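Subject: Structure for your files

Hello,

Here is the structure you will be working with. My notes follow below it.

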Amino acid sequence: MQTHSHIVSVLNQGLMLDVALGDLDFTAYVVVSQPNLDVIADIIPQENYDRHGNVHVAAIATADEVGAQISDIAFNMDNGDAAVFLCEDDSAYLATLHELGQPATGQPS
């Protein structure tokens, strides 16, 4: 399935993207972070919560699991939802960005 995205903003340790994955349009927050639900409030600005239908979270431990994780999370999403991808290291982060349609962007900010 073809995936396109564009960068909306630079986050602490990552990027916020608008993503088109087939017929699904959603916002992705891709960051380097240990899997910890407490960091979600620091990643998604409070004013953005209201505009997202639902917020989905995935922990990405390795670059090898990115495709499966994105497919699994997208299966349960509706247009307008948001997905937070907590990538454990730079390789998982870069693989997630690539899978979401972004070219290699270097290290997280």
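How many helices and strands does the secondary structure of the chain come to? There are 4 helices and 5 strands, where helices (H or I, at least four residues) and strands (E, at least two) are DSSP runs numbered from the N terminus. Their order from the N terminus is β-β-β-α-α-β-α-β-α.

Before the details: this is a predicted model, in which local features need pLDDT of at least 70 and side-chain atom pairs count only at pLDDT 80 or more, while totals for chains, interfaces and linings use all residues. Residues are numbered from 1 along each chain as its sequence is written, and side-chain values use heavy atoms, with hydrogens and water left out.

Overall dimensions. The C-alpha trace spans about 30 × 30 × 20 Å along its principal axes. Of the 109 residues in the chain, 43% are buried (buried means under 20% relative accessible area, exposed over 50%, partly exposed in between, with a 1.4 Å probe and protein chains only). Take contacts (heavy atoms within 4.5 Å) between residues at least 6 apart in sequence: 59% of them join residues at least 24 apart.

The interior. The largest nonpolar core has 24 residues, and Leu17, Phe26, Ala28, Val30, Phe85 and Leu100 are those with the most contacts inside it. Such a core is a set of buried Ala, Val, Leu, Ile, Met, Phe, Trp, Tyr and Cys residues joined through side-chain atoms within 4.5 Å. Two or more residues each come from β2 (14-21), β3 (24-32), β4 (55-60), α3 (66-75), β5 and α4 (90-99). The largest share, 5 residues, belongs to β3. A second, separate core of 11 residues includes Leu11, Val31, Val84 and Leu86.

Phe85 sits in strand β5 (residues 82-87) and is buried, with a relative accessible area of 0%. Leaving out residues up to four places away in sequence, Phe85 touches ten positions' worth of partners, among them Ala28, Val30, Ile60, Ile73 and Leu100. Leu17, with neighbours within four places set aside, is in contact with residues including Phe26, Ala28, Val30 and Leu100.

The surface. Leu37, Val55 and Val57 form a nonpolar patch with about 250 Å² of accessible area together (Shrake-Rupley method, 1.4 Å probe, only the protein chains shown counting as cover for residues). Patch residues have over 30% relative accessible area and no salt bridge (a side-chain nitrogen of Lys or Arg within 4 Å of a carboxyl oxygen of Asp or Glu), with like charges joined within 9 Å and nonpolar side chains (Val, Leu, Ile, Met, Phe, Trp, Tyr) within 5 Å.

Regards
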